[in-house]
Amino acid sequence: MKTSWRTASLVVSAAAVLTLTTACGQDTAPPASSQNVGASAAPGDLGGIDTGAGAESSEAPVGGAGTLGVATNAELGKLVTDELGLTLYRFDQDTAQPPKSNCEGDCAKTWPPVLADDAKAGEGIDKSLLGELTRADGTKQLTVGGWPAYRYVKDVNAGDVEGQGVGGKWFGLTPEGKKAQAADQPGLSTRKDPELGEIVVDKDGMTVYRFMKDEAWPKPVSACTGACLEKWPVVAPVDINDTKGIRKKNYMVFTRPDNGADQQTIGCWPIYTFAGDKAAGDTNGQGVGGTWYAVRPNGEPVGAPKK
């Protein structure tokens with residue numbers, strides 16, 4: 001098997017509708033109630049192509065896969081791996097019919113294409129689903145179910161899935177060539193954005209924001225009213241038990257005086273989504289007007305100027 005390519009280094013989460021009657025700062029979380037959960041996971045840019053690639057691109061070489069295998073991830077299920085157990089990924093901006101890669105240049109440094117040269121179907125892999133495409137440089141790239149296969153430079157150990165959901169467009173490959181996704185996503189959770197770091201997202205993977213003109217102390221007050229709410233919809237209450245990675249202290253719901261709606265807070269700060277974000281992974285609201293910023297798990301704004 002060809003494994004010489006490995007000699008180069010690979011650099012690398014409904015609610016209890018609770019009217020807020022106490023001041024922020026209390027340590028106890030609000031009582032829990034049940035809520036259905038939905039599904040789902042900032043992009044880099046390369047010639048207009050949303051690659052999901054961050055600034056930490058590496059000169060990782062393209063390489064073969066050897067005998068393909070199947071690993072089981074606790075959250076994502078079955079994933080295709082190369083001979084060394086590294087996860088293989090697919091890119092939403094590629095096509096499977098016909099197979100075509102739209103990851104070139106810097107994108108391909110962060111997401112090295114998997115060569116088809118020595119790829120073989122191991123246990124759990126249907127040989128008939130394996131194929132290849134010819135890239136712009138003439139190399140043959142492995143496809144699974146028609147989808148071009150890649151590795152991620154930040155995956156350094158067997159079983160790593162650091163590339164899952166990056167930019168809302170990169171996903172682990174299942175043995176059927178489908179994109180791996182957790183069956184259920186919490187009402188609020190976090191994801192690692194290539195540029196912003198760990199940020200809060202809703203059940204659909206949409207970025208959550210804070211408005212710097214709002215108030216949190218001694219109680220939440222939203223300064224976004226009227227037409228503002230059309231662009232920045234409030235996040236409805238989410239049960240604390242339906243969150244993952246969110247700080248529980250001062251996780252509260254308050255009732256808005258302008259329209260009587262209940263709104264979720266993190267760290268007592270009101271939270272919103274942005275109508276300008278069209279897909280999971282978008283962060284188009286970041287820094288808008290110098291007053292809107294993505295949210296850390298403790299409620300802090302990402303990248304907001306220091307007061």
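What is the handedness of the link of Cys24 and Cys268, given the torsion about the S-S bond? In this predicted model, the link of Cys24 and Cys268 is left-handed, with -115 degrees about the S-S bond. The sulfur atoms of Cys24 and Cys268 lie 2.1 Å apart, and both cysteines are buried.

The disulfide of Cys24 and Cys268 belongs to a set of three in the structure. A disulfide is a covalent bond between the sulfur atoms of two cysteines. When the bonded cysteines are counted along the chain, the pairing follows the pattern 1-6, 2-3, 4-5. Another of the disulfides connects Cys103 with Cys107, at an S to S distance of 2.0 Å. The torsion about the S-S bond of Cys103 and Cys107 is about -110 degrees, and the disulfide is therefore left-handed. Cys103 counts as buried because its relative accessibility is 0%, a value under the 20% cut-off for burial. Cys107 is likewise buried, with a relative accessible area of 1%.

Cys224 and Cys228 are also paired, their sulfur atoms being 1.9 Å apart. The link of Cys224 and Cys228 is left-handed, with -110 degrees about the S-S bond. The two partners fall into separate accessibility classes: Cys224 is buried at a relative accessible area of 0%, whereas Cys228 counts as partly exposed at 21% relative accessibility. Buried residues lie under 20%, so the 21% of Cys228 places this cysteine in the partly exposed class.

Backbone geometry was examined next. Cys268, the disulfide partner of Cys24, has a positive phi of about 75 degrees although it is not a glycine. Cys268 is situated in the loop between strand 17 (262–266) and strand 18 (269–270), and its relative accessibility is 0%. A positive phi, of about 60 degrees, is also found at Asn250, which is not a glycine either. Asn250 occupies the loop between helix 2 and strand 16 (253–255). At 6% relative accessibility, Asn250 counts as buried.

Cis peptide bonds precede two prolines, Pro98 and Pro218. The bond from Gln97 to Pro98 has omega near 0 degrees, and Pro98 is placed in the loop between strand 5 (95–96) and strand 6 (99–100). For the bond that joins Trp217 and Pro218, omega is about 0 degrees. The loop that holds Pro218 runs between strand 15 (209–211) and helix 2 (228–231).

Terms used: Residues are numbered from 1 along each chain as its sequence is written. This is a predicted model: local features need pLDDT of at least 70, side-chain atom pairs count only at pLDDT 80 or more; totals for chains, interfaces and linings use all residues. Side-chain values use heavy atoms; hydrogens and water are left out. Helices (H or I, at least four residues) and strands (E, at least two) are DSSP runs, numbered from the N terminus. Buried means under 20% relative accessible area, exposed over 50%, partly exposed in between (1.4 Å probe, protein chains only). A disulfide is a pair of cysteine sulfur atoms within 2.5 Å.
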